[in-house]
Amino acid sequence: MINPNSPVILSIEHLTADVDGTQILNGVSLEIKAGEIHAIMGPNGSGKSTLSKVLAGHPAYTVTGGKVTYRGENLFDLEPQDRARSGVFLAFQYPLEIPGVSNLDFLRVAYNSRQKHIGLEELDAFDFDELIQAKLDIVKMNPAFLSRSVNEGFSGGEKKRNEILQMAILQPSLAILDETDSGLDIDALKIVANGVNQLSTQDNAMLVITHYQRLLDYIIPDYVHVMSNGQIITSGGKELALELEAKGYDWLTEPLPVAT
Amino acid sequence: MTLTLSQLLTTPPLNPQLQELRTQATGYLQEETIPTRKDEEWRFTDLAPLLTKTFTPPPPQLPAANIGSFTLPEALNTRLVFINGIYAPQLSSIADLPTGVFIGNLAAATTAGLAVADYLGKQPGGEEVFTAINTARIDEAAVVWLSKDVSIETPIQILFVAIIEETALAISPRSLMILEAGSSATAIEEYLDLSSSDRAYFNNAVTEIWLGDTAKLNHTRIQNQDTTTIHIGKTAVSQSEHSSYTGNSIDLGAKLSRHNWEIFQIGAQTETYLNGLAMVNGEQESDTHSVIALTKPHGITNQLHKCIVDDRAHAIFNGKVFVPQAAQQTNAGQLNRNLLLSSTARIDTKPQLEITADNVKCSHGATVSQLEDDEIFYLQSRGLDVETAKILLINAFAVEIIDRIPVASVREKLVVAVKAFRAN
């Protein structure tokens, strides 16, 4: 939902970043206001996932230039855990399995660290259990999953739904969904998309990174940006995604000039 | 070697059979020396700290002790306590035992008419140098004896506490557990200390376990002694037909700890499950040498040994499984998983399966890993700081073994110890 009076949640200015000495982001600029859903599409290697990891603070990536402001603060001044506690959430493309740590305990610890950060009450195991039972339905998760280890033995779809469940518990201001649809069949996709839609409000913002247009049939973006070679080369409304679907990425990455 | 035999012998024993055992053990020692790094079985373990100190036997008087924090709520009336290897009746608590269950010290076992002499010191491997050192001065033992078809649900706690005040002591705890055919029990054997200062001592323990036909024992052994201690322990288990032994061995303390864990199969269709966890940091060294010696068919064995090593510490694992021709249809599995937390941590791991039978299913594996950046980042991205993330991951690694211990308060204590591991 576009509202010109909404506050800016995220402002990226000429961001460059590399990994192992190779520059991947070559000057990304983007502004996301509260209530908006932005989609980023692009061919493999365009830097879409790198952008999400740089924003979340993955240690393998080095910011080499540019500026990112999150709710008025310099994002790079914050350690990854403080970004998370301040409401930045990254739904991983490949969520990790953590044998020996139960989903329930993991979620509770994550929830309480955010609560503590924003000066709210931390919940004990009982109260947290009540809270989480109410959220399970958002992603149609079976309560039996809670006692299992984080993502252990989960199918691809279950892992992605678990990411959205975490999002439902943590209620971020900025949710970055890194190829959340990759590897999902249509039913899992619908559940995930439905979950995301339920969590989208006029006070938070979503950055949906996707390779295929299909997800955007279910999560309707306000803006679509196309990345190539580490930059955003064009932006538009949701129709842009449909054009890309019809014409392919070559349509944009080949002879056309870079859009500003 | 500075550990001379005259230092090992104390007052005359209570009965002549002990003298026989002592003499036999002393005989072995005439031919033996403390092992060096040239001995294959001690290749990775540095015994120098043992040789550079003089240890004396403990005085017969019991020092005052408050063991309140060590008692287990699940074993209020099934607890044997030994201070410096000496039986402490005031601190022990034995009451309301079902008929056919004996828990007590050696003298009480003899008085009760139990044929202890038929079993004490009779496990194979008695000539091994540290076992012989213990047997050469044997004068006391924790005895658990279950008669035929008797079961006891209540866990039995055998607590060996060291209290070192002035001199460096050599303590020789001894345990004997006999489960006659059809019986079953759960035992928790612990090596702890209440020494206020970091006084070095040498703790040389021997535990012998005999399982009759279809007998079942769940045995947890915890070593959490001061980090100046040298701890050498032997657990020898003989399993009769259809018996089941589940062992959980936890090594947390000591400057140098070595557990010789030996299972002798004397009947067919036995089950043996060995679960081990060693957690060492600083300059600690923890060594587990296990042997599963099969001699009969259809045995099932499974071993999972995990080591967590930080700082400049060192963990060693050697897991032998012998499957000779006579042990056809054996199903044996062994896995050693190691977590290194620093660039100076070290692990030496040697699975050693010797299989000459041809119709068996045996597997083994060893992994060495570290905390992955990706795992830590995933947890950070959910609001956990790096240290909390590492503690969570270390805990997750250890808990797979801790969860196999059937007594809740023991699990809880261990989880606390694991959480404190990084803080040291």
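**A sheet in chain A, a strand pair in chain B, and the contact between the chains**

In this predicted model, chain A holds an open sheet of 6 strands, in the order S6-S9-S10-S3-S11-S12, with mixed pairing. Two strands stand at the edges: S6 (88-91) and S12 (231-236) of chain A. Each has a single partner strand, so one side of each is left without a neighbour in the sheet. From one strand to the next, the twist averages 20 degrees. Strands of a sheet pair through backbone hydrogen bonds, either parallel or antiparallel.

Take the S12 edge of chain A. Strand S11 (residues 223-228) of chain A pairs with S12(A) in the antiparallel sense, over 5 bridges. To find the pairing in the structure, start at A:Val226; its bridge partner in S12(A) is A:Thr234. A helix lies across this part of the sheet. Helix H7 (residues 238-247) of chain A crosses strand S3 (37-41), S11 and S12 of chain A. H7(A) runs at about 45 degrees to S11(A).

Now turn to chain B. Strand S4 (residues 101-105) of chain B has 4 of its 5 residues buried, so S4(B) is largely enclosed by the rest of the structure. S4(B) pairs with strand S5 (residues 142-146) of chain B. The sense is antiparallel, over 5 bridges. Here B:Asn105 has B:Ala142 as its bridge partner in S5(B).

Last comes the contact between the chains. Chain A gives 20 residues and chain B gives 16 residues. On the chain A side, helix H2 (80-85), strand S7 (98-102) and helix H3 (103-117) each supply at least two residues. By class, that side of chain A has 13 nonpolar, 5 polar and 2 charged residues.

Definitions and conventions. Residues numbered from 1 in each chain as written. Chains lettered and ligands numbered in written order. Predicted model: local features only at pLDDT ≥ 70, side-chain atom pairs only at ≥ 80, totals over all residues. Contact = placed C-beta atoms within 7 Å. Nonpolar A, V, L, I, M, F, W, Y, C, P; charged D, E, K, R; others polar. Pairing = 2+ DSSP bridges. Axes fitted to C-alpha atoms, helices over the stretch in contact; angles between N-to-C directions. Buried ≥ 20, exposed ≤ 12 C-beta atoms within 10 Å, placed from the backbone.
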